[in-house]
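User: I'm new to reading structures and keep tripping over the vocabulary. Could you take me through some of the terms, one at a time?

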Amino acid sequence: MSVFPWIVTAWLFAIGLWGVISSRNLIHQVLCLAIIQSSTYVLLLAIGYKTDEGAPIFVTAPSGSPAVDPVVQALTLTDVVVEATVVALLLSLAVQAWKRFGTLDPDRLRVLKG
Amino acid sequence: MSWLQMALLTLVGIGGWAVVATRDPLRQAIMLSLYGGLMAGLFFAFQAPDVALSELVVGAVVLPMILLLALTKVRGRAE
Amino acid sequence: MSLRTPLFLLSIAGFTAFILWGLIGLPAFGNYQGPYGDIINGQVVSERHATNAVSAVNFDYRGMDTIGEEFILFVSVAGCTLLLRTGLDEQLVEKRNLAAEGRSYSTSSAVKSMCLVLAVPASLYGWYIVAHGQLTPGGGFQGGVIMASAAIFLYLAGEYVVMRRLNPMWLLELGESIGAGGYVLIGLSGLAAGAAFLQNILPLGSEGSVNSSGTIWAISMVVGLEVSTAFVVLMLEFLEQLLELQPRRPR
């Protein structure tokens, strides 16, 4: 079962994409985008994992002790916080769309008619 | 791959489907909060405490808060 | 609409098969083979006197990437502030009316007392996580979000007016600009000292103490300031939309 993380990654990506495409509500769409983002976090951390090794923190463990990869953890860490603000930006777009058009249904948002 | 990691990966897969399948955004906020907690557990099992801390505070505090504020704003005139 | 779902299911099946075929070609889970992780794990304590390898990678070895991420955060918050500005057909409720109404939606007293009790310790805990970023799991990003949650506790306790008074917008914007600009200034100070941009030029100190590892500690502080003020600004923008804007009455 060593390919299980990749299967979960592909599953989360596919299910998030299905949510975005089949959604009737702009806010629901934004949250499905958050699911797609979380699939990339799982992928990155699963790439850097080494079996039976510790975290890359060397406070109690001596300096040379085996640890998992810190580079992918650094990438994922900043990504998690920054994508929260991007989700906030998309939600403010949805609020403005609701104020202008009165609807949150993406099928009913038409191009501005003059 | 240990049993804990496999169980958490399965739960994360089920949680992702649950967040997408919940159509009402208000309930989806609670589901997203739980999903954030599950992801934090998964990251901890992958020996990544920094990322787990980050995902926990963002997924359980900030995202549902912003979501609930936006939802309360659009509650007035439901189409 | 009836054609969309079968078409999508067909394409997503093909897409998932393609992505799985690519992912299965990776080394098996648990067999990480890349050399850089091992090199950094072996060198980080002796080279930078920092025991948290992830923070050292974030703020020192890959500091350029983190500048980019921080500016993504900065620009997103600026975009939110721009999008949620007072429109032509809205007006701000006067602050006087806001205070007079009290604005306390009957919150239960358990929530009120718990949130009031937790607000200051949450702020202190976030500060601790930021300051010990190079020693234990933590750093500017995590601690900044925890510090922002102290303002959320104040709002949850029903004290919207108190929270607004404690977090004036000009102070938050000043803090956010200092955070974003401070990172660049720390990098430029590396240039001024004759080394490369973002090079670790401050004295490294002894490992395990709070002021070790040179610029990693300084960058963690400014990132914590920036992230916390950014999230409080976001929350205040949304709250202002909710509580203080009303359609402008035609005169």
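Analyst: Sure, let's start with burial: buried means under 20% relative accessible area, exposed means over 50%, and partly exposed is in between, using a 1.4 Å probe on protein chains only. A word on the source: this is a predicted model, where local features need pLDDT of at least 70 and side-chain atom pairs count only at pLDDT 80 or more, while totals for chains, interfaces and linings use all residues. Residues are numbered from 1 along each chain as its sequence is written, chains are lettered from A and ligands numbered from 1 in the order written, and side-chain values use heavy atoms, without hydrogens and water.

User: Why is C:S55 called buried or exposed?

Analyst: C:S55 has a relative accessible area of 2%. Buried means under 20%, so C:S55 is buried.

User: And what makes C:L3 buried or exposed?

Analyst: Its relative accessible area is 61%. Exposed means over 50%, so C:L3 counts as exposed. You'll find C:L3 in the segment before α1 (4-24) of chain C.

User: Back to C:S55. Which backbone oxygen lies 2.9 Å from a polar atom of its side chain?

Analyst: That's the backbone oxygen of C:G133. A polar contact is a pair of N or O atoms within 3.5 Å; within protein, one must be able to donate a hydrogen and the other to accept it, and residues adjacent in sequence count only if both atoms are side-chain atoms. Leaving out residues up to four places away in sequence, C:S55 touches several residues, including C:D60, C:Q134 and C:I216; contact means heavy atoms within 4.5 Å.

User: How do you know what helix α4 of chain C should span?

Analyst: Helices (H or I, at least four residues) are DSSP runs, numbered from the N terminus. The expected span is 1.5 Å times one less than the number of residues. The 21 residues of α4 (63-83) of chain C should therefore span 30 Å, and the end C-alpha atoms are 30 Å apart, so the two agree.

User: What about α1 of chain B?

Analyst: Its 19 residues (3-21) should span 27 Å, and its end C-alpha atoms are 27 Å apart, so that agrees as well. The buried residues of α1(B), among them B:L8 and B:V12, pack against α1 (4-21) and α2 of chain A together with α2 of chain B.

Note on methods. Helix = DSSP H or I, 4+ residues; strand = E, 2+ residues; numbered from the N terminus.
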